[in-house]
Amino acid sequence: MAENFNTVSGGQGPGGLDRALGNLVAIRQALASPDPQVRIEALKEALHHGEEGAQLLIKALHEDGDWEVKFAAWETLLNSGDPWLVQVAKAYQIPLRQVGDIRAKYGASERDFRWANLRGADLSRANLSGADLRGANLSKANLSRAKLTWANLSGANLSEADLRGANLRWAKLRGSAISETTRLDPKWRLVWEIVNGQASLKNLYRANLSGADLSGVNLREADLGGANLREANLSGADLSNAKLRGSVISETTQLDPKWRLVWEIVNSQAGLKNLSGADLSGANLSGSNLSRASLGEANLCGTDLRDANLIGANLSRADLRDADLRGAHLQEVNLAGADLRGANLRGANLTGANLSRAQLIGADLDEANLSQANLSGADLSWAKLLGTQLREANLAGARLNLGWGWLKDLTGTILPDRTYHP
């Protein structure tokens with residue numbers, strides 16, 4: 001076992017007694033207490049006392065007669081950070097506990113029903129709102145029309161359970177198990193599939209996800225166009241490159257500020273004059289109207305801006321590395337000093353754009369229109385320029401890997417050496 005424990009109370013006490021040893025003696029005494037809560041508190045302290053403390057935890061895990069004490073020992077080992085102790089916890093199967101009349105206990109304000117044995121229980125129409133049912137066995141239980149709002153069903157066994165008409169708004173379903181014979185309304189079956197990585201995220205167009213707990217869920221590239229997200233919990237969810245146009249949210253939809261701003265932009269709800277410095281990295285803003293928007297110093301790294309209207313927008317010093325700007329309308333846009341390394345600008349209209357001092361290293365500018373654009377001092381090293389229009393552009397001081405004689409239509413262009421092309 002790794003000796004990585006923090007003996008927080010070492011040093012010499014009165015009479016030369018080592019304080020850590022003294023505390024360990026006190027922990028042993030506390031573990032003999034008839035009060036389960038006293039034993040639980042002692043176990044929380046035991047981990048600070050090296051291998052001897054760890055052995056006390058393991059002993060309690062196997063021998064203590066109180067389920068709550070066993071659970072505290074198991075949870076402490078699992079969260080210890082020590083690989084050996086974590087393995088000990090994972091190898092131990094927490095026993096299910098008998099909880100008796102769960103309706104009566106809930107009515108008496110009890111909410112902790114973790115690892116409860118409720119197999120086959122009749123809980124139809126039961127109010128279990130906010131109940132902690134993590135790891136509980138609810139297989140073959142009748143939960144039809146039960147109120148399970150805010151209930152934590154993570155890791156619960158719901159195989160063959162009847163959940164028809166159950167209210168699962170904001171319920172946590174990640175890690176729960178269902179079977180083909182689990183009776184679950186289509187909406188909540190879809191939510192279960194999403195949080196457990198079983199759903200095709202490309203097929204969520206117009207899905208009804210109102211009140212669903214999707215916190216922390218990976219929704220990268222999900223098609224949520226037209227989806228009902230009213231009162232849904234999307235806090236911590238990864239919405240990189242997700243389609244949000246046409247989706248519906250409410251004031252109570254929990255959405256991280258970054259993705260709420262993205263939602264506002266794609267649904268024309270944002271004040272585009274106030275986006276300077278905004279973090280829009282990885283967002284799907286394809287087809288969005290960002291004309292005349294103030295995006296100076298914005299983080300648009302990896303952002304999908306295909307076919308976006310950026311006419312006259314201010315993108316000075318914006319980070320556009322690896323952004324997808326194919327077909328974007330960028331006439332007269334201000335990209336002075338912008339970082340466009342690796343950006344995809346194939347076929348983009350950059351007529352009259354200000355790209356002075358812009359970093360365009362490795363950018364794809366094939367078939368782009370840069371007529372009358374200001375590229376003075378820009379770094380175009382390794383940029384793709386096949387078929388690029390540069391008529392009357394300013395390339396003074398620009399860096400190009402190859403000569404410019406092969407470029408398409410350089411009429412009236414100021415070349416890198418500051419001479420005019422006839």
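The lining of the largest cavity is made up of 8 nonpolar residues, with no polar and no charged ones among them. Keep in mind as you look around that this is a predicted model. If you want to find the spot, look for L158, L163, L168, L173, I178, L184, W188 and W192, which line this cavity. Its volume is about 30 Å³, and the count of cavities of 30 Å³ or more comes to 1.

Now move along to helix α4, which covers residues 67-78. With 12 residues, α4 reaches 16 Å from its first C-alpha to its last, close to the 16 Å expected at 1.5 Å a residue. Just at the N-terminal end sits D66, which acts as a cap: one of its side-chain oxygens lies 3.0 Å from the backbone nitrogen of E68.

So how enclosed is α4? Buried here means under 20% relative accessible area, and 9 of the 12 residues of α4 are buried, so the helix is largely enclosed by the rest of the structure. The buried set is a mixed bag of names: W67, V69, K70, F71, A72, A73, W74, T76 and L77. And what do they pack against? Three helices take that role for the buried residues of α4: α2 (36-46), α3 (50-63) and α5 (83-91).

Next, head for the segment after α8, where S288 lies. S288 is buried, because its relative accessible area is 2%, and the cut-off for buried is under 20%. Its side chain reaches the backbone oxygen of L285 at 2.9 Å. Leaving aside neighbours within four places in sequence, S288 is in contact with R245, I265, V266, A308 and N309.

Our last stop, A323, also lies in the segment after α8 (257-266). Is A323 buried or exposed? Its relative accessible area is 1%, and under 20% counts as buried, so A323 is buried. Which residues does A323 touch once its neighbours within four places in sequence are left aside? The contacts of A323 are L300, G302, T303, A343 and N344. You can also trace a link back along the chain from here: A323 and A283 are 40 residues apart in sequence, and in space their C-alpha atoms are 9.8 Å apart.

How values were computed:
Residues are numbered from 1 along each chain as its sequence is written. This is a predicted model: local features need pLDDT of at least 70, side-chain atom pairs count only at pLDDT 80 or more; totals for chains, interfaces and linings use all residues. Side-chain values use heavy atoms; hydrogens and water are left out. Helices (H or I, at least four residues) and strands (E, at least two) are DSSP runs, numbered from the N terminus. Buried means under 20% relative accessible area, exposed over 50%, partly exposed in between (1.4 Å probe, protein chains only). Contact means heavy atoms within 4.5 Å. The expected span of a helix is 1.5 Å times one less than its number of residues. A polar contact is a pair of N or O atoms within 3.5 Å; within protein, one must be able to donate a hydrogen and the other to accept it, and residues adjacent in sequence count only if both atoms are side-chain atoms. On a 1 Å grid over the protein atoms alone, a cavity is a set of points where a 1.4 Å probe fits but cannot get out, and a pocket is an open set with protein on both sides within 12 Å along at least five of seven lines; lining residues have an atom within 4 Å of a point. Grid points are joined across faces, edges and corners, and a volume is the space filled by probe spheres set on the points. Ala, Val, Leu, Ile, Met, Phe, Trp, Tyr, Cys and Pro count as nonpolar, Asp, Glu, Lys and Arg as charged, and the others, Gly among them, as polar.
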